Amino acid sequence: MAIQTALEELSSFLRQRLSRSKSDLEQHGASETHFPLTPPDAVVYPRTAEEVSEIVKICARNGCPVVGWGAGTSLEGQAQAFSGGISVDFREMNKILRLSPEDMDVSVQPGITREELNTDLRATGLFFPVDPGANASIGGMASTRASGTTAVRYGTMRDNVLGLQVVTADGRIIRTGTRARKSSAGYDLTGMFVGAEGTLGLITELTLRLRGQPEAITASALADGADVLTVEGLARPDGSLHPIQQAFIDEFAFQCGFCTPGMIMATKVLLDENPDPTDDEIIHHMDGNICRCTGYVPILKAIKRASRLLKEKGK
């Protein structure tokens, strides 16, 4: 009953930006995890921090659970509404608010994705380096303290978030951190909210540290028994490698010609379901990994090779 009262108030406040359609609820109840479908009671689409604040105040007043939603790419189920309530989808808060190339930082809303941000930064010679392997939202990456293979060179989200604007559980809007690189004033509240998975508040703005785009990138692979360490990094003038990202893959995957850990995982899922897929089935299943490779032909060749090797090994 308390949730229903909150939904009535939210409907009057947001009107068409509150959805209870089956498709929206199922989308926000699903995830990349093994957990079953857990749809929320409603999905809301705020556009400003003030709207998020009012949403949280209404829900707090009525005892209605609130769950933040970015791009839905999390592997741990943080964005699922296990207790019902509302899902706050930040897709309409996806703007760059301020860009300072000379200071190498940027302020963004939480709904902008990593790829959208780097596309907009391309002309500046800068980029945001954290790459969790999916086109996740920046707000979601901060809430889960995302890392990825580039962490070996650039660190995780905790190292690249300078400041936040957060709506706390009672609806207050607070700011943490500053753009200053050196500061020892007070508690590190930014570090507390990064990785809190939305339990301490909803992030409505982020100030991020940017890095210079590398002039040249090279890659190498080092085999050691059953493992292969793939390393991508900056090519130094003397030919040595300054690592940017690295990942372990098994020797079998390396022999098959797979180019990313995400490609390997998707291929294993495909071949578990269908040991002898057709070209059309391969392309349909691997479509999300095409951009990480060199086109369709290498994918088809790699997976056909993997299928053949699995048959030869009797797996």
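Q: Two strands pair if DSSP finds at least two bridges between them; in which order do the strands of the open sheet of 5 strands stand?
A: The order is β5-β6-β10-β8-β9, and the pairing is antiparallel. Helices (H or I, at least four residues) and strands (E, at least two) are DSSP runs, numbered from the N terminus. The model is predicted: local features need pLDDT of at least 70, side-chain atom pairs count only at pLDDT 80 or more, and totals for chains, interfaces and linings use all residues. Residues are numbered from 1 along each chain as its sequence is written, and side-chain values use heavy atoms, leaving out hydrogens and water.

Q: Which are the edge strands there?
A: They are β5 (96–100) and β9, each of which pairs on one side only. From one strand to the next, the twist averages 15°.

Q: And how many bridges join β6 to β10?
A: There are 4 bridges between β6 (residues 105–108) and β10 (residues 201–209), and the two strands run antiparallel. Within this pair, D105 stands opposite R209 of β10.

Q: Which helix packs on that sheet?
A: Helix α3 (residues 49–62) does, touching β8 (161–168), β9 and β10 (contact: heavy atoms within 4.5 Å). The direction of α3 makes about 40° with that of β8; axes are lines fitted to C-alpha atoms, for helices over the stretch in contact, and angles run from 0 to 180 degrees between N-to-C directions.

Q: Changing topic: what is the order in the open sheet of 4 strands?
A: It is β1-β2-β4-β3, with mixed pairing.

Q: Why is one side of β1 left without a neighbour in the sheet?
A: β1 (18–19) stands at an edge with a single partner strand, so one of its sides has no neighbour in the sheet; this also holds for β3 (66–69).

Q: How do β3 and β4 run?
A: They run parallel, with 4 bridges joining β3 to β4 (residues 86–89). W69 stands opposite D89 in β4.

Terms used. Two strands pair if DSSP finds at least two bridges between them.
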